[in-house]
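Q: Could you take a close look with me at one part of this protein? I'd like to go through a single helix contact and then its surroundings.

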Amino acid sequence: MFSGLSAFPLTPLRDDALDEGAFVGLVGRLRDAGVDSITALGSTGSYPYLDRAERARVARLAVEHAAGTPVFVGVGDLRTSRVLHRIDDAEAAGASGLLLAAMSYQRLTDDDVFELFRTATEHTELPVILYDNPGTTHFSFSIELIARVAALPGVAAVKIPSVPADPAAAQERVDAVRGSIPAGVTIGVSGDASAANGLNAGCDAWNSVIAGTLPAPALEITRAAQEGRPADAVAASERLAPLWNLFTEFGGSIRVVAAIAEMLGLVGERSLPLPLQGLTAPQRARVAEVVRGLGLTA
């Protein structure tokens, strides 16, 4: 399950409530596109902004409408007891796996994070993905901590942040992670702009923001890498450079992806949870220009 393209859809809101119809539409779009898995309630899915009932509902809708496509559910929270509740709800929904980030307000130590994962893996029989996403959690996993956590029974995959643009440096990074984890634990790469490099360097999966809204170009990159066509994967990614540049220019991917989804009519306006305001009108015009220029409006 933990290989290929895992698409991370938005969790759209309307009038500060879950927009179930729009979310179901996003899941169906990913299912029909043929992504390898769907990760609900990842960072693109705004999981920290949702309460328990909302998250449980999202998990159920994702599994129901994925129609057999594996669904991984984000279960991160500030308190371990809440993480365990999220795990229970994901299990009840029929999730295929769990995505666990180390969330914090107070700065976490490596021992804090290890105990979180130990407690979580002892609580469930579902496979757990170690989610290293320092851009949002403000906690970075060292190679040593990755090794400790990945050795826990039940940890099936490790999701690493962006790899370097230089192919040799990307290979070095992936090899270091690979050498620290048990055989059978897979590696997923995030950071959409570097995904082709990560896949070409031996990552098993791409945990993709853009695939949650625009699965076709992400599948093109993924399949090229899987089929042993590294140059094609890089070329397909480089073609999307104007889009990746918007992620950097506008301070991250979620506002850009929400603007694209709203532009395409996949979600309603102002789909992000407040206080996230989304992009300004001039910024949205820039996004629309790039999306149309790349032919990504279908």
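Which residues in α12 meet which residues in α13?

A: Happy to walk through it, keeping in mind that this is a predicted model. On the α12 side, the residues in question are V256, A259, I260, E262 and M263. Their partners in α13 are R284, V287, A288, V291 and R292. Sorted by type, the residues of this contact comprise seven nonpolar and three charged, with no polar ones.

Now for the geometry. Two packed helices are described by the angle between their axes and the distance between the axes. Here α12 and α13, which cover residues 254–263 and 281–293, pack at about 70° with axes 10 Å apart. Angles from 65 to 115 degrees count as roughly perpendicular, and α12 and α13 are therefore roughly perpendicular to each other.

V287 is a good residue to zoom in on. Setting aside residues up to four places away in sequence, V287 touches V256, A259 and I260, and also L246, F250 and L279. V256 and V287 also turn up in the wider picture: the largest nonpolar core has 108 residues, and those touching the most other members are F117, F141, V149, I210, L243, V256 and V287. Helix α12 supplies the largest share of this core, seven residues. As background, nonpolar side chains tend to be buried together in soluble globular proteins.

Let's move on to the aromatic rings. The model has four aromatic pairs. One of them joins F2 and F72, with ring centres 4.8 Å apart and planes at 20°, so the pair is stacked. F2 sits in the segment before β1 (4–7) and F72 in strand β5, so this pair ties together parts 70 residues apart in sequence. Both rings belong to buried residues: F2 has a relative accessible area of 14%, and F72 one of 2%. Another pair is W244 with F247, whose ring centres are 5.8 Å apart and whose planes lie at 55°, so the pair is tilted. W244 and F247 are three residues apart in helix α11 (residues 241–249), which separates them by about one helical turn. W244 and F247 are both buried. Elsewhere, F117, F139 and F141 are linked into a cluster by ring pairs; F117 and F141 are also among the core residues that touch the most other members.

One last stop is T69, in the loop between α2 (52–66) and β5 (71–74). T69 has a relative accessible area of 14% and is buried. Apart from neighbours within four places in sequence, T69 is in contact with R31, V35, D36, S37 and I38.

Technical notes. Residues are numbered from 1 along each chain as its sequence is written. This is a predicted model: local features need pLDDT of at least 70, side-chain atom pairs count only at pLDDT 80 or more; totals for chains, interfaces and linings use all residues. Side-chain values use heavy atoms; hydrogens and water are left out. Helices (H or I, at least four residues) and strands (E, at least two) are DSSP runs, numbered from the N terminus. Buried means under 20% relative accessible area, exposed over 50%, partly exposed in between (1.4 Å probe, protein chains only). Contact means heavy atoms within 4.5 Å. A nonpolar core is a set of buried Ala, Val, Leu, Ile, Met, Phe, Trp, Tyr and Cys residues joined through side-chain atoms within 4.5 Å. Axes are lines fitted to C-alpha atoms, for helices over the stretch in contact, and angles run from 0 to 180 degrees between N-to-C directions. Angles under 35 degrees count as roughly parallel, over 145 as roughly antiparallel, 65 to 115 as roughly perpendicular and the rest as oblique. Ala, Val, Leu, Ile, Met, Phe, Trp, Tyr, Cys and Pro count as nonpolar, Asp, Glu, Lys and Arg as charged, and the others, Gly among them, as polar. Rings of Phe, Tyr and Trp (its six-membered ring) pair if their centres lie within 6.5 Å; planes under 30 degrees apart count as stacked, over 60 as edge-to-face and the rest as tilted.
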